[in-house]
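Student: Could you walk me through the aromatic rings and the packing in this protein? I'd like to go question by question.

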Amino acid sequence: MTTKKSTLSRRRFLQGISAAGAAAMLPCGLLVPAGANAAPFNAADYQVFRNACPRNCYDTCSIKTYVKDGVVQFIEGAPESTFTNGGLCVKGYTYGRRIYSPDRIKYPMMQDGRRSGKWRRVTWDEAMDRIARKILELKEKDGSLLGLGLTKYSGNFGITNYGVEGMMSSLGYTTRFVGTPCWPAGIDAQNYDLGNMWCNDPEDMVKAKYIILWGANPAWCSVHSMKYVMEAKRRGAKVVVVDPVFTQTAAKGDVFWQPNVSSDGALALGMARHILDLGLVDADFVKNHSVGYEEFAAYLRHNVTVEWASELSGIPAQEIREVAEEFATAKPATVWIGYGMQRHTNGGASVRALDALVAMTGNVGKEGGGARYGHLQTWGFNYHAMIQKQPEGSVGFVGDAAKGEFDFTSGSGNSYSDRTVNINKTAQSILDAKDPALKMLWVSCKNPLAQDFDRNKLEKAFDSLDLVVTVDQFFNETVANSDIVLPVTTLFEEWTVNVSYWHYWLGLNEQAVKPMYETKSNIEIAAALSKKMNELSPGSCTFPQEIDTREWLEKEFNQGVYDLFGIKHWTDLKNGPVKARLTSSAAWNELKFATPSGKYEFKSELCEQNGHKALPEYKEGRKGYDKFRLLTPHTKFGLHSQFVNLDWMHEYNKEPYVYMHPQAAAEKGIRDLDMVRVFNKVGEQKVRVKLTNNVARDCLLMYEAWFGKGFDFNVQNLVDDESADMGAFKAGAPGVAIHGQFADIERA
């Protein structure tokens, strides 16, 4: 293949390896310890508990926790899970520090003046009294509790933590921030095409003959999946990585494409056109298991060429042809669709184009194949903690309310509902809320000031609220903008259960140690609030006032879950995680789809009814409004704003940076490690620059989160809340164009 800006040549790669090899031969013997002996280990000296990582991550690792004298000594990946396979990621291994961090919030505290830092310790009773009285004040003033808002998302995916939503329902009808910033455009796209979001077991990637990792960086974001990618490669599979950044995953691929950002749909359609021209379409699949293929083929013939795709994407036309041919002739072949590539104003349309590429080559429903995005097939719990009834006589919102990712109703039997607003427009939603205005906000499992968009506007929105209550483990930016902070347990201090949206394993989370200090789990906090509410106003809250977290764990199970995982009782999970009993590792293996037609839909009338094109046509991305594209992806040292604050992580991640191409920097008079100002219409951020060829000349890259001592850094200073094209159909609100952002840069 020819190599241009878009690709990394084998020669360049080998030069890098040679340089690394030379460095390895330097005389550094003085830095090598003379010898080391492992401390003797006797498993009988420890109590062993089962835990499950509840973070918002593909891997959802199963954990073995070793406790001695009531203290977590160390953890490891559970060897029973073939996915976790005895190992954890760099973040997971810091859990032992997370629970015992000196920076952890230990007691309920009140702040005298937001952002003042003047915190004082209070009792749980004092905190609950102030909270409960404010809730009752709102109810009396407004005649409802719609002035009370809940913003909560993915900080803890343990199933019982949906008790936060249950707590709100037990108070009455409230205002809920619905939707998700993570993956909604792609969810909608796959629902239009296939009828549901359902991916192959990632462990079957070893059967693939061709793998395209499209906007996915598993070497950082799903380390356990990488072993299946590498095993497939060892067996002869070709690995293509498509990413605007040369990542660690890209370094392990056979081909690296660095397309122009948000041109993914054009690139996929260009491949589809070439496959069509060569007659490499799977005739049986498109004829017998799909609808709308002929219309899609006609669209390709009249609107798409390989040269057009090359011009838009920056990938040489010959390379597009070669990869398209290889993908179409390798059986099975698969595409892993990363969540980052759909965080654009054309993200859903781009995912539909990738789905079509996989479908037209007959790779849907095949082991080792598939358009891999995610699934919720193993999430069939009772959601007992979530489904709570409102008090008698509760008044709420009248009219259509958006549905969230998990669509559960309270069963109250009347016409009232919660008022729903877009979680991706938090600041504007708070400022716009009327009749009644939002005056109190409960924040849990979320750090809006670090993760929601347009932070400057968000501070103004928070300042318009009378009371902000945040439940957290550390003093982060949202806590700084709160009036009350309530200390919450870590995974080692509560009972719950967890499954993945990627793999098919179920893991128990046992309480390995007693809750430290005065921390409580989310459902224990709900019970404490219910007790105070009913003390002040009997009947004002239906949430149970006394709970046993282990009993509430048991209430989440049902026979369907037991049958799916082949266990008789949840206590069987104390022996280790278990995997769903699959008839095939392939999603849609019976080729019966959940679409209105029952077939794969190249042409979706439902998609058209919801305001989009019926066919997976190309949609242009957001127009640039500044000199550089601004990318703010995940760092391997954190999950959103979690982990990055731990002192252990700071040893490896001492300072945030903006990454910039050397030639672009030279044009700006910027040198490596200069302090710079990145700025746009939203705000600005001062940070040190690192020059690297890993990013394109027209891009700036800042990893999304960093907080700790000595640095005032937040990428949300530069990210607005522009919506993605899809997301409202299944998630309740459009996604957000996180990577459809632009900025300029100058020396500070």
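**Rings and cores**

Student: How many aromatic pairs does a search of the whole structure find?
Tutor: Rings of Phe, Tyr and Trp (its six-membered ring) pair if their centres lie within 6.5 Å; planes under 30 degrees apart are stacked, over 60 edge-to-face, and the rest tilted. On that basis, the number of aromatic pairs found in the whole structure is 46.

Student: Before we go on, what should I know about the model?
Tutor: It's a predicted model, where local features need pLDDT of at least 70, side-chain atom pairs count only at pLDDT 80 or more, and totals for chains, interfaces and linings use all residues. Residues are numbered from 1 along each chain as its sequence is written, and side-chain values use heavy atoms, leaving out hydrogens and water.

Student: How many residues apart in sequence are the parts that Trp198 and Trp588 tie together?
Tutor: Their rings sit 4.9 Å centre to centre with 65 degrees between the planes, an edge-to-face pair. Trp198 is in the loop between helix H5 and strand E8, and Trp588 in the loop between strands E22 and E23 (helices are DSSP runs of H or I, at least four residues; strands are runs of E, at least two; both numbered from the N terminus). So the pair ties together parts whose separation in sequence is 390 residues.

Student: Is Trp588 buried or exposed?
Tutor: Buried means under 20% relative accessible area, exposed over 50%, and partly exposed in between (1.4 Å probe, protein chains only). Trp198, at 23%, counts as partly exposed. Trp588 has a relative accessible area of 7%, so it counts as buried.

Student: What kind of pair do Phe381 and Phe557 form?
Tutor: Phe381 is buried, and so is Phe557. Their ring centres are 5.8 Å apart and the planes are at 85 degrees, so the pair is edge-to-face.

Student: Which helix gives the most to the largest nonpolar core?
Tutor: A nonpolar core is a set of buried Ala, Val, Leu, Ile, Met, Phe, Trp, Tyr and Cys residues joined through side-chain atoms within 4.5 Å. The largest one has 127 residues, and Ile212, Trp214, Phe296, Leu506 and Phe557 touch the most other members. With eight residues, the top contributor is helix H14.

Student: Over which ring does the charged end of Arg98 sit?
Tutor: A charge sits over a ring if NZ of Lys or CZ of Arg is within 6 Å of the ring centre and within 35 degrees of the ring normal. For Arg98, the distance to the centre is 5.2 Å, and the ring belongs to Phe643.
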